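Trainee: I am new to this structure and would like to go through it with you, one question at a time.
Mentor: Gladly; let us put it in front of us and begin.

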Amino acid sequence: MQLVVARVGRAHGIKGEVTVEVRTDEPELRLGPGAVLLTDPASAGPLTIETGRVHSGRLLLRFAGVRDRNGAEALRNTLLIAEVDPDATPEDPDEYYDHQLMDLDVVTTDGTEVGRITEISHLPSQDLFVVEREDGTEVLIPFVEEIVVEIDLEEQRAVIDPPPGLIDDRAEVVSTRGEENDSAAAGEDVTGAGA
């Protein structure tokens with residue numbers, strides 16, 4: 001099975017290094033020196049990672065045969081793809097590969113059907129499930145333990161406990177009389193859940 005593990009960003013310096021947007025929870029395994037990666041577009045690869053290092057919080061890679069800034073810049077926006085055993089699972093039992101989560105049915109804790117996961121969006125602060133509803137609309141569900149309470153791969157479903165307003169238009173109204181601190185705290189719990 002092929003999985004996108006990173007996207008090449010811009011060139012860094014003049015010796016062929018590139019920044020990468022990591023799209024895997026296991027960069028040390030998938031993006032280590034010696035790893036051979038397929039690419040999209042296919043004409044850019046395959047690429048063999050020669051070196052990797054972290055600089056100012058960003059992963060920098062150098063590929064075999066890419067020795068200057070022009071060669072590095074030519075790879076910009078290339079997707080890096082790893083071959084992964086489809087039966088492999090992450091070491092942490094609370095982590096999942098994207099392919100394991102795709103097409104799971106999403107239901108609330110009371111059994112209400114929400115939709116089906118069609119995409120996993122990896123943001124810097126948290127991951128989001130893109131869930132397609134029966135009517136064709138989409139809803140974004142933060143993949144945080146406060147909201148996604150269970151992933152059941154055998155039953156092919158994700159159980160969520162959404163805060164008011166996440167999957168419907170009914171927002172919770174909080175009294176502002178003498179409880180401003182409680183209101184602020186409640187708001188932080190919802191917006192700061194994935195931070």
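Trainee: Does E73 count as buried, partly exposed or exposed, and what is its relative accessibility?
Mentor: Bear in mind that this is a predicted model, and that the partly exposed class lies between the buried class, under 20%, and the exposed class, over 50%. Because the relative accessibility of E73 falls between those limits, E73 counts as partly exposed, at 29%.

Trainee: Which residue forms a salt bridge with E73?
Mentor: The partner of E73 is itself a partly exposed residue, with a relative accessibility of 42%. In this salt bridge the closest N and O atoms are 3.0 Å apart, which is within the 4 Å that the rule allows. The residue that pairs with E73 is R76.

Trainee: How many residues apart in sequence are D103 and R116, whose side chains meet in a salt bridge?
Mentor: The N to O distance in this salt bridge is 2.5 Å. D103 sits in the loop between α3 (98-101) and β7 (105-108), whereas R116 belongs to strand β8, and the pair links distant parts of the chain. D103 counts as partly exposed at 44% relative accessibility, and R116 is partly exposed as well, at 31%. In sequence, the separation between D103 and R116 is 13 residues.

Trainee: Why does the salt bridge between E50 and R67 tie together separate parts of the chain, and how many residues apart are they?
Mentor: The side chains of E50 and R67 meet at 2.8 Å, N to O, and E50 is partly exposed, with a relative accessible area of 32%. E50 lies in strand β4 (residues 47-55) and R67 in the loop between β5 (58-63) and α2 (69-74), so the pair ties together parts whose separation in sequence is 17 residues.

Trainee: Which strand holds E113, a residue of the patch of negative charge on the surface?
Mentor: The patch gathers D105, E113, E119, E132, E134, D135 and E138. E113 has a relative accessible area of 66%, which is over the 50% limit, so E113 is exposed. The strand that holds E113 covers residues 113-122 and is β8.

Trainee: Stepping back to the whole protein chain, what percentage of its residues count as buried?
Mentor: The chain has 4 helices and 12 strands, and among its contacts between residues at least 6 apart in sequence, 47% join residues at least 24 apart. It exposes about 11,900 Å², of which carbon and sulfur atoms supply 46%. Of its 195 residues, the share that counts as buried is 35%.

Technical notes:
Residues numbered from 1 in each chain as written. Predicted model: local features only at pLDDT ≥ 70, side-chain atom pairs only at ≥ 80, totals over all residues. Heavy atoms only, no water. Patch = residues over 30% accessible without salt bridge, like charges linked within 9 Å, V, L, I, M, F, W, Y side chains within 5 Å. Areas by Shrake-Rupley, 256 points an atom, 1.4 Å probe, with all protein chains shown as cover. Lys, Arg positive; Asp, Glu negative; His and termini not counted. Charge placed at Lys NZ, Arg CZ, Asp CG, Glu CD. Helix = DSSP H or I, 4+ residues; strand = E, 2+ residues; numbered from the N terminus. Buried < 20%, exposed > 50% of the residue type's maximum accessible area, 1.4 Å probe, protein only. Contact = heavy atoms within 4.5 Å.
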